[in-house]
Amino acid sequence: MARLEGKTAVITGAADGIGHAIAQAMAREGAHVFLSDISDAQGERCAAQLRAAGHLADYLHCDVAKADDIARLVDTAVRQTGHLDVMVNNAAIAIGGMPVHEMTDEQWQRLIEINLTSVFRGCKCALPHMIAQKSGSIINMASAQGHIGLDGWTAYAGAKGAVMAMTRQMAVEFGPVNIRVNSISPGTIDTPMNDRLARQIGGNLAKAWVKMHPLGRIGKPCEVAEAAVYLASDAAGFTSGTDLRVDGGLTAAPRYVPELL
Ligand SMILES: NC(=O)c1ccc[n+]([C@@H]2O[C@H](COP(=O)([O-])OP(=O)(O)OC[C@H]3O[C@@H](n4cnc5c(N)ncnc54)[C@H](O)[C@@H]3O)[C@@H](O)[C@H]2O)c1
């Protein structure tokens with residue numbers, strides 16, 4: 001039996017990268033997935049491909065910087081299916097590669113809005129439904145950078161560290177109503193976000209990423225998606241308040257290779 005049969009899953013930032021891989025994996029496991037993004041043409045295409053493969057998938061526009069968009073996304077999923085079992089707060093942006101004193105207030109505020117406030121809003125919209133049905137799994141996308149330091153990424157790391165702290169807090173608060181709240185901390189994953197960063201920062205960054213991970217490679221989006229499927233599934237029924245690192249050992253044995261940067 002598929003691991004997410006009969007479940008409704010909402011995923012933000014699902015038109016590309018890790019979010020798209022999560023939507024694909026959850027749909028294959030039998031969930032009715034609601035993909036959302038700001039890249040509408042691409043998101044519609046992803047949902048159409050899943051439907052063509054026989055899965056249950058819908059796409060909705062949702063800019064996670066807009067409270068109304070998130071509320072509409074969650075409400076649509078619940079109206080269409082009658083329940084909400086999995087909320088994946090995945091969408092985020094990378095603003096960094098600069099010392100903290102060179103970051104503008106506008107850059108800081110945009111990053112916090114999209115990477116942190118969006119998680120608050122996603123949980124705020126999902127929780128009333130999950131509380132009413134007395135079940136649910138919330139998965140928040142954190143990062144290895146919430147665990148270790150790297151030059152130039154103070155704001156991004158701050159947001160991800162806060163995502164993990166909020167995850168623990170909500171796990172405690174909503175455990176008594178059978179809602180599990182967990183986060184995932186990926187290492188470097190092969191996604192458009194990192195393609196853009198490698199181009200922006202240049203040098204041997206891509207090679208350095210490989211060396212920094214004890215497994216000797218960067219990760220694939222589908223490897224993060226597998227962790228999300230597990231946390232969404234009943235197999236993780238006693239797992240809450242945890243951060244699952246999918247980082248090739250990066251945070252266990254940091255290998256900073258300055259000569260390659
Ligand atoms: N790629 C990595 O190495 C890595 C490592 C650690 C954590 N993460 C985290 O994983 C998540 C996904 O990262 P990714 O690498 O797949 O990113 P990505 O940039 O490749 O894809 C992100 C998706 O989110 C969408 N998006 C951007 N802004 C949005 C907004 N305001 N509202 C809704 N959607 C928006 C984009 O259109 C895109 O489809 C993020 O939370 C990121 O911080 C990624």
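These are my notebook entries on the ligand shell and the aromatic residues of this structure, which is a predicted model.

**Entry 1, the shell.** I looked up which residues surround the ligand and found 30 of them, with Asp37, Asn90, Tyr156, Thr191 and Asn194 as the closest. Sorting the residues of this shell by character, I noted 16 nonpolar, 9 polar and 5 charged.

**Entry 2, polar contacts.** I then went through contacts to oxygen atoms of the ligand, and for asparagine 194 I noted a side-chain N or O atom at 2.6 Å from a ligand oxygen. For lysine 160, too, the contact comes from a side-chain N or O atom, here 2.9 Å from an oxygen atom of the ligand. Proline 192 takes part through its backbone, where an N or O atom lies 3.5 Å from a ligand oxygen.

**Entry 3, cover and elements.** I looked up how much of the ligand is covered: on its own the ligand has 830 Å² of accessible area, and the protein covers 94% of that. The elements that each give two or more residues to the shell are α1 (17-28), α5 (154-174) and α6 (192-201), and I noted that α6 gives the largest share, with 4 residues.

**Entry 4, aromatic rings.** I searched the whole structure for aromatic pairs and recorded 1. The partners are tryptophan 153 and tyrosine 156, whose rings are 5.8 Å apart centre to centre with 80 degrees between the planes; the arrangement is edge-to-face because the angle is over 60 degrees. I also checked whether the two partners are buried or exposed, and both tryptophan 153 and tyrosine 156 are buried. Tyr156 had already appeared in my first entry, among the residues closest to the ligand.

Terms used:
Residues are numbered from 1 along each chain as its sequence is written. This is a predicted model: local features need pLDDT of at least 70, side-chain atom pairs count only at pLDDT 80 or more; totals for chains, interfaces and linings use all residues. Side-chain values use heavy atoms; hydrogens and water are left out. A residue is near a molecule or strand if one of its heavy atoms lies within 4 Å of it. A polar contact is a pair of N or O atoms within 3.5 Å; within protein, one must be able to donate a hydrogen and the other to accept it, and residues adjacent in sequence count only if both atoms are side-chain atoms. Accessible areas come from the Shrake-Rupley method with a 1.4 Å probe; for residues, only the protein chains shown count as cover. Ala, Val, Leu, Ile, Met, Phe, Trp, Tyr, Cys and Pro count as nonpolar, Asp, Glu, Lys and Arg as charged, and the others, Gly among them, as polar. Rings of Phe, Tyr and Trp (its six-membered ring) pair if their centres lie within 6.5 Å; planes under 30 degrees apart count as stacked, over 60 as edge-to-face and the rest as tilted. Buried means under 20% relative accessible area, exposed over 50%, partly exposed in between (1.4 Å probe, protein chains only).
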